[in-house]
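I opened a fresh page for this one. My plan is to look things up one at a time and jot down what comes back.

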Amino acid sequence: MEAYKQEFIKFMVESNVLKFGEFTLKSGRKSPFFMNAGAYVTGEQLKRLGEYYARAIHDNFGLDFDVVFGPAYKGIPLSVVTAIALNDLYGKEVKYCSDRKEVKDHGADKGGMLGYELKDGDRVVMVEDVTTSGKSIDETYPKLMAAADVEVKGLIVSLNRMEVGKGGVVTAQQEIQEKYGFPVASIVNMAEVSEVLYNHEVEGRVVIDDKIKAALDAYYEQYGVKA
């Protein structure tokens, strides 16, 4: 496993973004872990977050694209910090863009988009925090394609939860790939998280002990993709 992936997993825990316990998800599933990208709040955290996204984009999709697009709301800061990091790490100049939840009908920047105005032929990489069901992409992808005739090079998320999507057969990430025809990748997945954190300490405490590991195993027995 690449060093930056191991660092990112510990970074999520240190930033109180990735937590373990008992959580009820939007889907109604009872999960032994929860990820909240809204907990990245400091300048240092956001700088590092952008760098992890930039490295994952570079490794999975390359740098042959023009725009980083982040669905509102959490995708807005993600797209901004990723665009900055791509410039800092690779000297790659890209624009950022996001959709608005409400269309703006006044001023010079009217419309449904924030940031760069998309143009036909633009090559876009989408950034999201986590994909559980694919619902947010179902909402934002039509807006993206309505704005201009763009080519989506791929979607990158922080964490692949590795659980079945709405169809109950393959993961949500695989469902998105099959539905929209662009690749979906993650900085890390839950198997890698377990590998790094099980019986290992972060900030003086074991994050995944035997009890949490058993809860994770039971969760994936129920919601994981069956071979």
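**Entry 1: a serine in a helix**

I began with Ser-194, which comes out as buried because its relative accessible area is 15%, and the cut-off for buried is under 20%. Note to self: this is a predicted model. Ser-194 is found in helix H6, residues 190–197. What does Ser-194 contact once its neighbours within four places in sequence are left aside? I get Ile-208 and Leu-216.

**Entry 2: an alanine in H7**

Next I clicked on Ala-218, in helix H7 (residues 210–223). Ala-218 has 46% relative accessibility, so I put it down as partly exposed. I also checked it against Lys-10: the two sit 208 residues apart along the chain, and their C-alpha atoms are separated by 23 Å.

**Entry 3: aromatic pairs**

I searched the whole structure for aromatic pairs and got 12. I looked at Phe-8 and Phe-11: the ring centres are 6.3 Å apart and the planes are at 45°, so I logged the pair as tilted. Tilted is what remains between stacked, under 30 degrees, and edge-to-face, over 60. Both residues belong to helix H1 (residues 3–14), and because they are 3 residues apart there, about one helical turn separates them. Are they buried or exposed? Phe-8 is buried at a relative accessible area of 0%, and Phe-11 is buried too, at 2%.

For another pair I took Tyr-180 and Phe-182. Their ring centres lie 5.9 Å apart with the planes at 10°, so this one goes down as stacked. Both Tyr-180 and Phe-182 are buried.

I then followed the ring pairs outward from Phe-8 and Phe-11. They link up with Tyr-40 and Tyr-52 into a cluster.

**Entry 4: lysines over rings**

I also looked for charges sitting over rings. Lys-92 lies over the face of Phe-65, 5.9 Å from the ring centre. Lys-95 has its charged end over the ring of Tyr-116, at 5.2 Å from the centre.

**Entry 5: the annotated positions**

Which positions does UniProt mark as "binding site"? The record, an unreviewed entry, gives Thr-132 and Arg-161. I am keeping in mind that such annotations may be inferred rather than shown by experiment.

I followed up on Arg-161. It is in the loop between strand S7 (151–160) and helix H5 (172–180). With 3% relative accessibility, Arg-161 counts as buried. Its side chain makes a polar contact with the side chain of Ser-31, at 3.0 Å.

Met-162 is in that S7 to H5 loop as well. Its phi is near 60°, a positive value in a residue other than glycine. Met-162 is partly exposed, with a relative accessible area of 30%.

**Entry 6: helix lengths**

I checked H4 (residues 135–147) against the expected rise. Its 13 residues should span 18 Å at 1.5 Å a residue, and the end C-alpha atoms are 19 Å apart, so the two agree. Buried residues in H4 include Ile-137, Thr-140, Tyr-141 and Leu-144.

H3 (residues 75–90) got the same check. It has 16 residues and runs 21 Å from its first C-alpha to its last, close to the 22 Å expected. Its buried residues are Gly-75, Leu-78, Ser-79, Val-81, Thr-82, Ala-83, Ala-85 and Leu-86.

**Entry 7: around H3, and backbone oddments**

What comes after H3? Gly-91 follows, and its phi is positive, near 65°.

On the other side of H3, I looked at Tyr-73, in the loop between strand S3 (67–69) and H3. A cis peptide bond joins Ala-72 to Tyr-73, with omega about 5°.

Last lookup: Glu-203. It is not a glycine, yet its phi is positive, about 55°. Glu-203 is in the loop between strand S9 (201–202) and strand S10 (205–206). I marked Glu-203 as exposed because its relative accessibility is 62%, and the cut-off for exposed is over 50%.

Technical notes: Residues numbered from 1 in each chain as written. Predicted model: local features only at pLDDT ≥ 70, side-chain atom pairs only at ≥ 80, totals over all residues. Heavy atoms only, no water. Phe/Tyr/Trp six-rings, centres within 6.5 Å; stacked < 30°, edge-to-face > 60°. Helix = DSSP H or I, 4+ residues; strand = E, 2+ residues; numbered from the N terminus. Buried < 20%, exposed > 50% of the residue type's maximum accessible area, 1.4 Å probe, protein only. Lys NZ or Arg CZ within 6 Å of the ring centre and 35° of its normal. Polar contact = N/O pair within 3.5 Å; in protein donor to acceptor, adjacent residues only side chain to side chain. Expected span 1.5 Å × (residues − 1). Contact = heavy atoms within 4.5 Å.
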